[in-house]
Amino acid sequence: MNSPYNGDFIVTQRYAHGVHDGLDLVGITHKEIHAVTAGTVIYSGWENVNNKLQGFGQYVAVKSGNNVWYYGHMSEIKAKLGQVVKIGDVIGIEGTTGHSTGNHCHICVRVNGIKGNDLDVSAILGIPNALNNTSNPYNDGFEPVVKVNTN
């Protein structure tokens, strides 16, 4: 499983082509959002600076091949336009900006970045397309590297 979180998370809204183009995820262990694919940041900012309640709010878009990955509703953006990211790089912090009903990360992937041309992000990332709760969270299997001082 490859999630934008390191550790435990829950799914609060499922992927449903034509209805909801991605997954809504809430981090339990951590609130940092990590890139799930390597690529180049092609957008980093507000969806609409004049209406901060619109759409993804603060989001990051990462182009990887023909696909563009979107990470929406961030409270803080850590990635810069043009930055090359690798899997696991921190690109932002979970939030509730834009059209949102609570803290989460909306993650979706669109072919050529075209709205309506979405792919099943749950199948691609291996995240079950099923709602769960904090008493039964998913875990992406991330194990932090512990550096041992040998001096």
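Author: Helices are DSSP runs of H or I of at least four residues, and strands are DSSP runs of E of at least two, both numbered from the N terminus. The model we're chatting about is predicted.

Reader: Good, let's use those names right away. In which loop is the place of Asn112?

Author: Asn112 has a phi near 55°, a positive value in a residue other than glycine. Most residues other than glycine have a negative phi. With a relative accessible area of 46%, Asn112 is partly exposed. As for its place, Asn112 sits in the loop between S10 and H1.

Reader: And His73, is that one buried or exposed?

Author: His73 has a positive phi too, near 75°, and isn't a glycine. You'll find His73 in the loop between S6 and S7. The cut-off for buried is under 20% relative accessible area. His73 comes in at 5%, so His73 counts as buried.

Reader: Now the pocket. Which residues are the closest to the centre of the largest pocket?

Author: The largest pocket holds about 540 Å³ of space. Its lining has 22 residues, and the closest to the centre are His20, Asp21, Phe56, His73 and His106.

Reader: Which strands each supply at least two residues of that lining?

Author: Start with what the lining is made of: two nonpolar residues, 14 polar and six charged. The strands that each give at least two residues to the lining are S1 (8-13) and S10 (105-111).

Reader: I'd like the sheets next. What is the order of the open sheet of eight strands?

Author: Let's go from the edges in. S8 (84-85) and S11 (138-139) stand at the edges with a single partner strand each, so one side of each has no neighbour in the sheet. Inside, S2 pairs with S1 over four bridges, and S2 also pairs with S10 over four bridges. With antiparallel pairing, the order reads S8-S4-S5-S6-S10-S2-S1-S11.

Reader: Which residue in S10 stands opposite Leu23?

Author: S2 and S10 pair in the antiparallel sense. On the S1 side of S2, Val11 stands opposite Leu25. On the S10 side, Leu23 stands opposite Ile107.

Reader: How many of the residues of strand S2 are buried?

Author: S2 covers residues 22-27, and it is largely enclosed by the rest of the structure. The strand has antiparallel pairing with S1 and with S10. The buried count in S2 is six of the six.

Reader: Over how many bridges do S5 and S6 pair?

Author: One facing pair here is Val60 with Tyr71 in S6. The sense of the pairing is antiparallel, and the bridges between S5 and S6 number five.

Reader: Which strands stand at the edges of the other sheet?

Author: That open sheet has three strands in the order S3-S9-S7 with antiparallel pairing. S7 pairs with S9 (residues 90-93) over two bridges, and Ile77 stands opposite Gly92 in S9. Each edge strand has a single partner, so one side of each is left without a neighbour in the sheet; these are S3 (32-34) and S7 (76-77).

Reader: On to packing. Where does the largest share of the largest nonpolar core come from?

Author: This core has 26 residues, and those touching the most other members are Leu23, Leu25, Val60, Trp69, Tyr71, Ile91 and Ile107. Contributors of at least two residues each are S1, S2, S5 (58-64), S6 (67-72), S10 and helix H1 (121-125). The largest share, three residues, comes from S10.

Reader: How many disulfides does the structure hold?

Author: A disulfide needs two cysteine sulfur atoms within 2.5 Å. The closest cysteine sulfur to that of Cys105 is in Cys108, 9.3 Å away, which is too far for a bond. Both are buried, Cys105 at 1% relative accessibility and Cys108 at 0%. The number of disulfides is zero.

Reader: Last one: how far apart in space are Gly141 and Ser3, C-alpha to C-alpha?

Author: Gly141 lies in the segment after S11 and is partly exposed, with a relative accessible area of 47%. Gly141 and Ser3 are 138 residues apart in sequence, while their C-alpha to C-alpha distance is 9.3 Å.

Technical notes: Residues numbered from 1 in each chain as written. Predicted model: local features only at pLDDT ≥ 70, side-chain atom pairs only at ≥ 80, totals over all residues. Heavy atoms only, no water. 1 Å grid on protein atoms, 1.4 Å probe; cavity = no way out; pocket = protein on both sides within 12 Å on 5 of 7 lines; lining within 4 Å. Points joined across faces, edges and corners; volume = space filled by probe spheres on them. Nonpolar A, V, L, I, M, F, W, Y, C, P; charged D, E, K, R; others polar. Buried < 20%, exposed > 50% of the residue type's maximum accessible area, 1.4 Å probe, protein only. Pairing = 2+ DSSP bridges. Core = buried A, V, L, I, M, F, W, Y, C linked by side-chain atoms within 4.5 Å.
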